[in-house]
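Here are some short exercises to work through with the model open in your viewer. Try each task yourself before reading the solution.

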Amino acid sequence: MTDLAIQLPEANRRLDAIDRKILTVLQEDASLSVAEIGDRVGLSSTPCWKRIQRLEADGVILRRVALVDQNKIGLGISVFVSVESSDHSEAWLKTFASAVSAMPEVMEFYRMAGDVDYMLRVVVADMASYDVFYKKLISAVPLKNVTSRFAMEKIKSVTALPVPAA
């Protein structure tokens with residue numbers, strides 16, 4: 001991209017270098033005070049707060065959350081579930097998406113291109129819990145194939161997006 005700033009189609013405005021710094025700081029630690037964020041990005045509190053509010057209003061900042069260690073709350077198993085469907089109708093997808101979205105074990109849910117139609121990232125306490133989840137999943141709508149891959153070790157996991165430089 002040769003443009004000096006990323007165009008945001010929804011808000012029809014651009015992210016400047018300060019906005020990018022704010023996003024980087026907030027992704028690292030959203031619990032910082034506005035004054036601390038302002039110090040890190042070179043702004044006083046009021047203009048920093050206004051930028052954060054604008055980034056939220058524009059939908060760039062979706063929400064601020066606490067990240068929880070899944071193992072420390074008893075959810076020690078991560079499963080990547082590939083789903084193939086014989087039905088690709090809008091009605092089927094609406095039913096499937098609604099059912100899967102309501103399952104609290106599903107952390108991420110994607111419609112895919114390629115040989116798999118949908119991919120889910122699921123967290124559960126143990127194999128018995130996964131079996132309960134699996135039975136719920138396969139009873140929600142007709143499915144062609146479900147393949148489960150169990151993670152042995154988490155090697156890298158980040159939540160901060162790499163904010164492109166201006």
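**Exercise 1. Find the volume of the largest pocket in this predicted model, and work out what lines it.**

Step 1. Start with the volume: the largest pocket comes out at about 1900 Å³.

Step 2. Now go round the wall. The lining of the largest pocket counts 47 residues, and those nearest the centre are Val65, Leu67, Val158, Thr159 and Ala160.

Step 3. Sort the lining by class: 28 residues are nonpolar, eight are polar and 11 are charged.

Step 4. Ask which elements contribute. Helix H1 (17-28) and the strands S3 (77-84), S4 (106-111) and S5 (118-124) each supply at least two residues of the lining. H1 gives the largest share, with five residues.

**Exercise 2. Work out the strand order of the open sheet, and say which strands stand at its edges.**

Step 1. Begin with S4 and S5, which are antiparallel and joined by five bridges. Two pairs to look up here: tyrosine 110 has methionine 119 in S5 as its bridge partner, and glutamate 108 has arginine 121 in S5.

Step 2. Check how the chain gets from S4 to S5. The two strands form a hairpin with six residues between them, and glycine 114 in the turn has a positive phi of about 110 degrees.

Step 3. Move on to S3 and S5: seven bridges, again antiparallel. Valine 83 stands opposite tyrosine 118 in S5.

Step 4. Add S6. Six bridges link S3 to S6 in the antiparallel sense, and valine 83 turns up again, with valine 146 as its bridge partner in S6.

Step 5. Put the pairs together, and the four strands of the open sheet read S4-S5-S3-S6, with antiparallel pairing. S4 and strand S6 (145-150) each have a single partner strand, so they stand at the edges with one side lacking a neighbour in the sheet. On average, neighbouring strands are turned by 20 degrees against each other, direction ignored.

**Exercise 3. Which strands does helix H4 touch, and which does helix H5 lie across?**

Step 1. H4 (residues 90-101) packs on the sheet and touches S3, S4 and S5. The direction of H4 makes about 160 degrees with that of S4.

Step 2. H5 (residues 127-140) lies across S3, S4, S5 and S6. Relative to S6, H5 runs at about 160 degrees.

**Exercise 4. Work out how H2 packs with H3, and classify the angle.**

Step 1. Get the geometry: helix H2 (residues 34-41) and helix H3 (residues 45-57) pack at about 95 degrees, and their axes are 8 Å apart.

Step 2. Classify it. Angles of 65 to 115 degrees count as roughly perpendicular, so H2 and H3 are roughly perpendicular to each other.

Step 3. List the contact. H2 brings Val34, Ala35, Ile37 and Gly38, while H3 brings Ser45, Cys48, Trp49 and Ile52. By class that is six nonpolar, two polar and no charged residues.

**Exercise 5. Do the same job for H1 and H3: what are the angle and the axis distance, and which residues meet?**

Step 1. H1 and H3 pack at about 80 degrees, with axes 11 Å apart. That angle makes H1 roughly perpendicular to H3.

Step 2. On the H1 side, pick out Ile18, Asp19, Ile22, Leu23 and Leu26; they meet Cys48, Arg51, Ile52, Arg54 and Leu55 in H3.

Step 3. Class them as before: the contact of H1 with H3 has seven nonpolar, no polar and three charged residues.

Note on methods: Residues are numbered from 1 along each chain as its sequence is written. This is a predicted model: local features need pLDDT of at least 70, side-chain atom pairs count only at pLDDT 80 or more; totals for chains, interfaces and linings use all residues. Side-chain values use heavy atoms; hydrogens and water are left out. On a 1 Å grid over the protein atoms alone, a cavity is a set of points where a 1.4 Å probe fits but cannot get out, and a pocket is an open set with protein on both sides within 12 Å along at least five of seven lines; lining residues have an atom within 4 Å of a point. Grid points are joined across faces, edges and corners, and a volume is the space filled by probe spheres set on the points. Ala, Val, Leu, Ile, Met, Phe, Trp, Tyr, Cys and Pro count as nonpolar, Asp, Glu, Lys and Arg as charged, and the others, Gly among them, as polar. Two strands pair if DSSP finds at least two bridges between them. Axes are lines fitted to C-alpha atoms, for helices over the stretch in contact, and angles run from 0 to 180 degrees between N-to-C directions. Contact means heavy atoms within 4.5 Å. Angles under 35 degrees count as roughly parallel, over 145 as roughly antiparallel, 65 to 115 as roughly perpendicular and the rest as oblique.
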